[in-house]
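Thanks for coming, everyone. I would like to walk you through one model this morning, so please have the viewer open before we begin.

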Amino acid sequence: MDVKDLVVFRKTSLVDYPGKVAAALFFRGCNLRCPWCQNRELALASDTPDQTFISPDEALRHIEKRRAVLGGMVLSGGEPTLYHELPALIARIKALGLLVKLDTNGMAPHVLETLFGQRETTPDYIALDLKLAPVRYAVLGAKNPTARLKESAALIHAAGVDHEFRSLALPHGFFTDNDVEALAPLVDDAPWFFRLFQPGNCLDPTWDEFPAAQKEDGARLAQKAGQLGKRVGGEAT
Ligand code: SF4
């Protein structure tokens, strides 16, 4: 079994799918290396005694038993678009009568295009992460990020799928008004959420030494997005 065919399964989540009781699958492996990432083991696909990895098939068996109490299923990571059987998995979950939310960093627009190609593989909700101004994605190890992000955002918009944008307020002004400005053209009328960085188990341990981002940091970025005519999603948390 390929290492990316293993997931962490969360049986119930009240926070991962807006307005739904959902279960969540977190896929191993990622095509970015955000130093502040707190899904360290997932991003690196490394072994950890704290997490139980199971196969997507096994997770689906659990989901099938619990579908009466679930409203949706969240596919997150790591980066779920790296999982080559993602279209089939989405179709299987939707066939159980569950809605599917996909969390993605937008680095694989060709996968989104494939998913949107058929109704049964189209997610019902997408959260697209916007991490830094596209030209700064090189520090995350991204290749050709500007074109990829632009294409992903355009595909999501054209598909007419419910969606949101998510950014993280980072300490020491690492994510600034300039980043908001550079990302703004990718953001349509869907909500843009600004969450707050917290240190702890970061992919780059030096980030664990940084202070948590403050509410004012998130509010300032949200204000900038608002000034640019964007719809800011709720309070920064
Ligand atoms: S924060 Fe997300 S995109 Fe960045 S390394 Fe972690 S899992 Fe990958």
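I will go through the ligand site, then the nonpolar cores, and finally some backbone details.

A word on conventions: this is a predicted model, in which local features need pLDDT of at least 70 and side-chain atom pairs count only at pLDDT 80 or more, while totals for chains, interfaces and linings use all residues. Residues are numbered from 1 along each chain as its sequence is written, and side-chain values use heavy atoms, with hydrogens and water left out.

Let me start with the ligand. Which residues are around the ligand? They are Cys30, Leu32, Cys34, Cys37, Gly78, Asn105 and Lys131, where being near the ligand requires a heavy atom within 4 Å of it. By class, this shell has four nonpolar, two polar and one charged residues; here Ala, Val, Leu, Ile, Met, Phe, Trp, Tyr, Cys and Pro count as nonpolar, Asp, Glu, Lys and Arg as charged, and the others, Gly among them, as polar.

One of these shell residues, Gly78, also matters for the backbone geometry that I want to show, since a cis peptide bond joins Gly77 and Gly78, with omega about 15°. Gly78 is placed in the loop between β4 (72–77) and α3 (86–95), helices (H or I, at least four residues) and strands (E, at least two) being DSSP runs numbered from the N terminus.

Turning to the interior, the largest nonpolar core has 66 residues, and those with the most contacts inside it are Leu25, Trp36, Leu75, Leu130 and Trp192. Such a core is a set of buried Ala, Val, Leu, Ile, Met, Phe, Trp, Tyr and Cys residues joined through side-chain atoms within 4.5 Å, and buried means under 20% relative accessible area, exposed over 50%, and partly exposed in between, with a 1.4 Å probe and protein chains only. Apart from this core lies another, of 10 residues, among them Ala22, Ala24, Val74 and Tyr125.

Back to the backbone, and to phi. Most residues other than glycine have a negative phi, and most peptide bonds are trans. His172, however, has a positive phi near 55°; this residue is in the loop between β7 (162–169) and α6 (177–183), and is exposed at 63% relative accessibility. Asn201 likewise has a positive phi, of about 60°, and lies in the loop between β8 (192–196) and α7 (215–227), where Asn201 is partly exposed, with a relative accessible area of 36%.
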